[in-house]
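Here is a walk through a two-chain model, taken from the inside out and back again. Keep the structure open beside the text as you read.

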Amino acid sequence: MSFTAQLLRGLRVTLLLWLLTVVVVTLPMLALARLVAPDAASGSLLRTGDQVVGARLIGQSFRSNRYLHGRPAGAPNLAASNPELAKRVADAASLWQIAGVAQSAPDLLLDSASGVDPHISLAAARQQLPRLARERQMSVAELEGLLRQAQEGPQGLQAIEPVVNVLRFNLALNALRAP
Amino acid sequence: MLPWLLAVVTLAAVVLTAPSLGRHLFEVFDDRPQPAWDRWLNPMETGLLRWIGDAGRSAENTRSYLQPLLISNALFGLLALTLLLFQPAWFNPLGFGGLRWDLALHTSISFLTNTDQQHLIPEQTLGNLAQLGAIQFLMFVSAATGLAVGFAVIRGFSGRPIGNFYRDLLRSLTRVLIPASLLLALFLLVSGVPMTLAPPLEITTLEGAKQWLPRGPIALFEAIKQLGENGGGFISANSAHPYENPTLLTNLVSTWAMLIIPAATLDAFGRFVGNRRQSNLLLALVFGLLVIGVGVAMAAEQAGNPLLSNWISGGNLQGKELRFGSALTGLWTVVSTGTMTGAVNGSIDAAMPLTILTALFNLFLQVVFGGQGTGMAYLLVFALLAVFLTGLMVGRTPEFLGRKVEKPQVVWASLVLLIHPLFVLIPAALTLAGGATLAGISNPGSHGISQVVYEYASAAANNGSGLEGLSDGTAWWNLTTSLSLLGGRYLPIAALLALADGFRQKPVLEPSPGTLRTDTGLFTGVTVVVLVILGALTFFPVLALGPIAEALTLAS
């Protein structure tokens, strides 16, 4: 067979498979998504009133003392042997010590992979409750209640250990006491 | 304890489900009667082949299978390259422009070769038209090309005519990859993965900062990314990002999805040669290597980083997501590098040296399931060489699957094995010789050597993962890895097809008392030795300079 004929065949295959794998399979999936899981399909958005304030799955950065803090982000690719890593961890640990946490949970010292890890460990959350109680004039017991509401974990096959969804917790906090 | 239990459950699920899919693959690629659910595709397939202008007859020789493969792949790549170079405004809500030429070239070659190495941040450079029309398109067709080659080689080894490339390509898509991807996409969708053409959303966080939510048509993209052993993320953070991999359950199912098609391909091989004992032993071999690697990586990640013991006890959570934890990220890394998926659910750069060692070992060997279709073919090459070596040792004529192994087979097999070190070690040596600035190393010491070697090993093995601290978005990296990507894909494919086609034409020998049986535990053991000696020893010096040296530093 001549090269031109081969090329023509190749062009037809390319056109056919492009339509198949881009248009024909994607459109029904988009339609199905609207039908069976419209909330997840559009990004699991969280709203306060009409305002989109975030997404249930996506962590936000919190620096204010009036909010529960999430995991650090920014240098996920530091190698285990890199002296920079130990320095970063030491710096973070001493900042937490200044904030009154003697031995902070590992997940508050080590960077998440995505930069938007929505979770912290229960231990990491509990360490921050005294600060939040002071700042928001609430009791630790009240805050523990909120913690339970924002908890996700192995039972729901959401996470390998019991964790707290930081954004959900902070939204619940705002709902109780204006920020 | 829980991570280990879940790892066992996930791997057991692969073993339990592989035979049913293996049977389906056998029926599809050996033209057996189809089950009712996909029999209705037959007339459509005939019609489409006729429109293409191909009668669907088997190729007479290697060349007539390889030619359409190369021509169509070149056209697939050109189409994607054009879309990336001139990103049009349609379905491009944030109005991203075209990519720099070397980046566009690298990206299209990387996805065309089923590698999915990414030197760009997709959510900041690619609109939906590029994500779907270039990337998702290539993820489907490159996986289908791999499957087609895998089954053409299996046909050759089992004495059948080698097949018709366009027919295999079409059937891989319509009967395997598309139905499986739709099912997985549906599961991912209900688990929280977005599937929308609505533009990424800029929101104001509770503290008043701006944040982009990189939503898009992710669920289906993610499904073919995992099932097709592609691995390129819709989002740069890949499967670490909650929009790609939102829960523990999606993480485990996505781990299973990387393994299921290659495991089923091995099972189908046994059905093709009519000897499932043979395929089960090979499956046990590959699975054994996988399980050892998984054990090493999970234990290393769980033990954590001794340099941080002043502040931290417990597992290595640096560059990891809390919902997966340290150990299951180790599992994912080994599965993803073994299967040549290359997806990551945490930073491999920040992993423990023993995890990186395991990942590199997988990239060097290329058979711990290996690439879609091609991994199976590599395994047959190693088995063939094991037959040859044992034949030499005991002074018998080497035979494999009822046919004599002779000079041409050994030449082709050696060639297949030599391509890999050539495309890994030479460019890595050049880059390291060029100095740290050229190399773009971000971590000091022996880890920096690992970063460079890993990038080329990942490219040549068509894996796509990386030690991502590396500054690899430069023209040097884009162009040199492009060579490794192409060399690591098409040269072995050509050699494998030639090997299989030659093997098929040999006369079948009746087994005699003098025949060395290959479906025994002993022979499988010899194959392991051959694998380690031929596949890994070539690379031992770089392993010693990289991860082994780093592990020793940490331990001291």
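Does D519(B) count as buried or exposed? At 11% relative accessibility, D519(B) counts as buried; the cut-off for that label is under 20%. Bear in mind that this is a predicted model. D519(B) also has a charged partner, R517(B), with the closest N and O atoms 3.1 Å apart.

**Salt bridges**

That pair belongs to a wider set, since the count comes to 25 salt bridges over all chains. Three of them are set out here, with the distance between N and O.

| Pair | N to O distance |
|---|---|
| D111(A) and R88(A) | 3.0 Å |
| R517(B) and D519(B) | 3.1 Å |
| D54(B) and R9(A) | 3.5 Å |

Take the pair of D54(B) and R9(A). D54(B) sits in the loop between α3 (41-52) and α4 (62-85) of chain B, while R9(A) is in helix α1 (residues 3-24) of chain A, so this salt bridge joins two chains. Both D54(B) and R9(A) are buried.

The pair of D111(A) and R88(A) stays inside chain A. R88(A) is in helix α4 of chain A and D111(A) is in the loop between α4 (83-98) and β3 (119-121), so the pair ties together parts that are 23 residues apart in sequence. The two ends have their own settings: D111(A) counts as buried because its relative accessibility is 1%, and R88(A) counts as partly exposed because its value is 33%.

Some salt bridges share partners, and D31(B), E45(B), R167(B), R171(B) and R175(B) are joined that way into one network.

**Where the chains meet**

How many residues of chain A are in contact with chain B? The number is 85, and they touch 91 residues of chain B. The area buried between the two chains is about 7100 Å², with carbon and sulfur atoms giving 71% of that. On the chain A side, M29(A), N77(A) and I160(A) supply 10% of the area that chain A buries against chain B, more than any other three residues. As for charge pairs, the rule finds 1 salt bridge across the interface of chain A and chain B.

**The nonpolar interior**

Now for the greasy part. The largest nonpolar core has 158 residues, and L17(A) and L290(B) touch the most other members. Helix α7 (residues 128-157) of chain B gives this core its largest share, 20 residues. Leaving aside neighbours within four places in sequence, L17(A) is in contact with V22(A) and with a run of chain B residues: F76(B), F137(B), V141(B), L169(B), L170(B) and L173(B). There is also a second, separate core of 43 residues, and among its members are Y67(A), L78(A), A172(A) and L317(B).

**A helix on the inside**

Helix α9 (residues 218-227) of chain B is worth a look. 10 of its 10 residues are buried, so α9(B) is largely enclosed by the rest of the structure. Charged residues are on that buried list too, with E222(B) and K225(B) there alongside others including I218(B), L220(B) and F221(B). What covers the helix? The cover for the buried residues of α9(B) includes α2 (26-36) of chain A, together with α7, α8 (165-190), α10 (248-272) and α12 (325-338) of chain B. After α9(B) comes E229(B), with a positive phi near 55°.

**A buried glycine**

G440(B) is found in the loop between α16 (436-439) and α17 (446-460) of chain B. At 8% relative accessibility, G440(B) counts as buried. Not counting residues up to four places away in sequence, G440(B) touches G469(B), L470(B), S471(B) and W477(B). G440(B) and W477(B) are 37 residues apart in sequence, and their C-alpha atoms are 9.1 Å apart in space.

**Back out to the surface**

Which residues form a nonpolar patch on the surface? They are L389(B), L392(B), M393(B), V394(B), V529(B), I533(B), L534(B), L537(B) and F540(B), with about 860 Å² of accessible area together. Helices α14 (374-394) and α19 (521-536) of chain B each supply at least two residues of the patch, and α14(B) gives the most, with 4 residues. L389(B) lies in α14 of chain B and counts as partly exposed because its relative accessibility is 33%.

How values were computed. Residues numbered from 1 in each chain as written. Chains lettered and ligands numbered in written order. Predicted model: local features only at pLDDT ≥ 70, side-chain atom pairs only at ≥ 80, totals over all residues. Heavy atoms only, no water. Core = buried A, V, L, I, M, F, W, Y, C linked by side-chain atoms within 4.5 Å. Buried < 20%, exposed > 50% of the residue type's maximum accessible area, 1.4 Å probe, protein only. Contact = heavy atoms within 4.5 Å. Patch = residues over 30% accessible without salt bridge, like charges linked within 9 Å, V, L, I, M, F, W, Y side chains within 5 Å. Areas by Shrake-Rupley, 256 points an atom, 1.4 Å probe, with all protein chains shown as cover. Salt bridge = Lys/Arg side-chain N within 4 Å of Asp/Glu carboxyl O. Buried area = accessible area lost by both parts, 1.4 Å probe.
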